[in-house]
Amino acid sequence: MKYCILTPRFPFPENGGDVLRINNIAKYLKSAGHELILVSFCEGNPDMAAAKTLYDKIYVVKRKKTNSMLYSLEYMLSGRPIQCGYYYSREYSKLLGMVIAKEKPDRFVSHLLRMMPYLTQHGVESQSIVEMTDALSKTYTLSSGFKGMSLKKVIYAIERKLIKRYERFVMKKFPKVVLVSQADIDYLSAEGDKHSLALYTNGVECMDEIPDSYDHDKICFVGNMRTLQNQDAVLHFVNYIFPLILKKKPGAKFYIVGAEPPRNIMALSEKYDNVVVTGFVDVLSDAVKDSCVAVAPVKIAAGIQNKVLVAMGMGVPVVMSSLISRAIPELVSGTNCIIEDADQAFADACMRMMENETDRNRISRSGYDTVRKYYSWQEKLSGYDLLNPKWPNARFGLKAKQDPSF
């Protein structure tokens, strides 16, 4: 079959969990014998050479920021998600129409909700998989607890109601809507028809072996820093947890590893001698594998978190909040990770990993083995290419009835 994959940003370089996931979905589809057609927005000069190693045919449209702002406002005023407007483009829609006429894809994959309007516009809903990944309405609800005020927080507050309505619409309209967390499946099931919901959790590529040595003073956080939840987690750690560690471990260093750190995150390395902000790194393992411990004090979360699996797959033990742990049922605190919510307990757990090498290495090995056993991409994506026969409106090949609200 021919699979047409719609993405809001060019999937190379792999500088975030979102592009890492869609590329691994593409690898799975490729391994199942499908031909892949990528239709993507891009900025600047896309790395076509890297993309051609995975996708058979590639079509791109440069996103115009002025148009994004105008359509964002139009969508918000018409009661549709702002992000769908931000990624709407007449040029993209025209290109997709040309691809449909020329390539005649059998199936479509919308990477995230923001690309879904193109599928309804071209009437291919019954042939499509919506890679929702996370229940965004849940994330935006949790983000209301984010400390301080910012433009992004204001947008999230407006978007919350719009996206919640849109999620219900998508669940009714498409035969397969994919999420990465059972908690998000349960959350959306309470909101409406759950027949189209499907669970395909994240996988991870493990290192062949756990490194023999590590830096006893190095603490790391892994995550794309453009997201509000990662910014909140890092700021909370630096302001409330790290000072508790420094009282007893003055040589400790905190490395923030992830692309697109905003100014307030970049400023942390200027304000504190013990904080290092790396920004995007070409080889993630080189920046993480020698860490004594990885931290994930995430208070705003939806879906399974790559930051946990990636660190464990490198043999780095993870101290995390209970919220982030719920998406990974195989986690057992004290066995393959440490789960703490209170600041002092979280700091104590980090110091335990830094001071007790035997305990640290035991949890490191157990976490690594857990990821290797349960979280290979091939296993987690098995059956992804199958549409849902239990969907109530499953008359594949027929155009679904338009919802007048959209």
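This passage looks at one sheet of the structure, the helices packed on it, and the enclosed cavities.

The model is predicted, so local features need pLDDT of at least 70 and side-chain atom pairs count only at pLDDT 80 or more, while totals for chains, interfaces and linings use all residues. Residues are numbered from 1 along each chain as its sequence is written, and side-chain values use heavy atoms, without hydrogens and water.

An open sheet contains 7 strands in the order β3-β2-β1-β4-β5-β6-β7, with parallel pairing. Strands are DSSP runs (E, at least two residues), as are helices (H or I, at least four), numbered from the N terminus; two strands pair if DSSP finds at least two bridges between them. At the edges lie β3 (57–62) and β7 (197–199), each pairing on one side only. Between β5 (residues 128–133) and β6 (residues 176–179) there are 4 bridges.

Helix α1 (residues 17–31) lies across β1, β2, β4, β5 and β6 and runs at about 175° to β1. Angles, from 0 to 180 degrees, are taken between N-to-C directions of axes fitted to C-alpha atoms, for helices over the stretch in contact, where contact means heavy atoms within 4.5 Å. Helix α5 (residues 90–103) also packs on the sheet, touching β1, β2, β3 and β4.

As for enclosed space, a cavity is a set of points on a 1 Å grid over the protein atoms alone where a 1.4 Å probe fits but cannot get out, and its lining residues have an atom within 4 Å of a point. There are 2 cavities of 30 Å³ or more, and the largest holds about 60 Å³, a volume being the space filled by probe spheres set on the points, which are joined across faces, edges and corners. Among the residues lining the largest cavity are Phe41, Lys62 and Tyr87.

Conventions: 1 Å grid on protein atoms, 1.4 Å probe; cavity = no way out; pocket = protein on both sides within 12 Å on 5 of 7 lines; lining within 4 Å.
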